[in-house]
Amino acid sequence: MKYVDGFVVPVPRRKLSAYRRMAKYAGKIWLEYGALEYVECVADDVKPGKVTSFPQSVKLKKGEVVVFSYIVYRSRGQRDRIMKKIMVEPRFKKYMDPKNMPFDGKRMFWGGFKTMVKY
């Protein structure tokens, strides 16, 4: 079964174009290193919940939108090998600096997931 990294990020609407440029650039690098899919999605129908929700999870502020992203790999091992390369990739290094991120990285969350069911 495939392995998936998932990310949720609050992005200021005024920086959404910059985020999109970064994501397109990043996606090309991930695919170059062997990822099977790289997907970025902007919230269209997410509302605050009573207990939790996508907006609450990132402490969404006025003027921001939630972005949900995922990257698909053949396996956890492949993901670990690719991430090791990404962390030292000179073409992506500028986005590793919080000052160059078009979002607040402190409110981003992510994790790796084993595929459980797939059709």
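The following paragraphs describe a predicted model, beginning with its sheet and moving on to its helix, its largest pocket and several individual residues.

The sheet is an open one of four strands, arranged in the order β2-β3-β1-β4 and paired in the antiparallel sense. The edge positions belong to β2, residues 37-42, and β4, residues 109-114; each has a single partner strand, so one side of each is left without a neighbour in the sheet. On average, and with direction ignored, neighbouring strands of this sheet are turned by 15 degrees against each other.

The pairing can be followed strand by strand. Strand β1 comprises residues 3-12 and is joined to β4 by six bridges, the two running antiparallel. Two residue pairs mark this contact: the bridge partner of Y3 in β4 is K114, while that of V8 in β4 is F109. Strand β1 is also joined to β3, here by ten bridges and again in antiparallel fashion. In this pairing Y3 stands opposite Y73 of β3, and D5 stands opposite I71 of β3. Y3 therefore has a partner in β3 as well as one in β4, in keeping with the order β2-β3-β1-β4 of the sheet. Between β2 and β3 there are six bridges, and these strands too are antiparallel. One pair that can be located here is V39, which stands opposite Y70 in β3.

How much of these strands is covered? In β1, nine of the ten residues are buried, and the strand is thus mostly covered. Strand β3 is likewise mostly covered, with eight of its ten residues buried. In a regular strand, side chains alternate between the two faces of the sheet.

Helix α1, residues 16-32, lies across β1, β2 and β3, the last of these being residues 64-73. Relative to β2, helix α1 runs at about 165 degrees.

Attention may now turn to the empty space in the model. Rolling a probe the size of a water molecule over the atoms shows where empty space is left. The largest pocket has a volume of about 480 Å³. Its lining consists of 24 residues, of which F7, W30, F92, F103 and M108 are the closest to the centre of the pocket. At least two lining residues are supplied by each of β1, α1, β2, β3 and α3, the last being residues 76-86. Helix α1 gives the largest share, four residues. Which class of residue accounts for most of this lining? There are 19 nonpolar residues, along with two polar and three charged ones.

Several single residues merit closer inspection. E40 is located in strand β2. This residue counts as partly exposed because its relative accessibility is 28%, and the partly exposed class lies between the buried limit of under 20% and the exposed limit of over 50%. Residues up to four places away in sequence being left out, E40 touches Y19, A23, V67, F68 and S69. E40 and G111 are separated by 71 residues in sequence, and their C-alpha atoms lie 15 Å apart in space.

The loop between α2 and β3 offers two further examples. V58 is found in this loop, and at 1% relative accessibility V58 counts as buried. Which residues surround V58 beyond its neighbours within four places in sequence? V58 is in contact with V8, V9, P10, V66, R107 and F109. Two of these contacts, V8 and F109, are themselves bridge partners between β1 and β4. V58 and K106 are 48 residues apart in sequence, with a C-alpha to C-alpha distance of 9.0 Å.

K59 lies in the loop between α2, residues 54-57, and β3. Is K59 buried or exposed? With a relative accessible area of 62%, K59 is exposed, whereas V58 is buried. The backbone of K59 is also notable: its phi is positive, at about 50 degrees, although K59 is not a glycine.

Terms used. Residues are numbered from 1 along each chain as its sequence is written. This is a predicted model: local features need pLDDT of at least 70, side-chain atom pairs count only at pLDDT 80 or more; totals for chains, interfaces and linings use all residues. Side-chain values use heavy atoms; hydrogens and water are left out. Two strands pair if DSSP finds at least two bridges between them. Axes are lines fitted to C-alpha atoms, for helices over the stretch in contact, and angles run from 0 to 180 degrees between N-to-C directions. Contact means heavy atoms within 4.5 Å. On a 1 Å grid over the protein atoms alone, a cavity is a set of points where a 1.4 Å probe fits but cannot get out, and a pocket is an open set with protein on both sides within 12 Å along at least five of seven lines; lining residues have an atom within 4 Å of a point. Grid points are joined across faces, edges and corners, and a volume is the space filled by probe spheres set on the points. Ala, Val, Leu, Ile, Met, Phe, Trp, Tyr, Cys and Pro count as nonpolar, Asp, Glu, Lys and Arg as charged, and the others, Gly among them, as polar. Buried means under 20% relative accessible area, exposed over 50%, partly exposed in between (1.4 Å probe, protein chains only).
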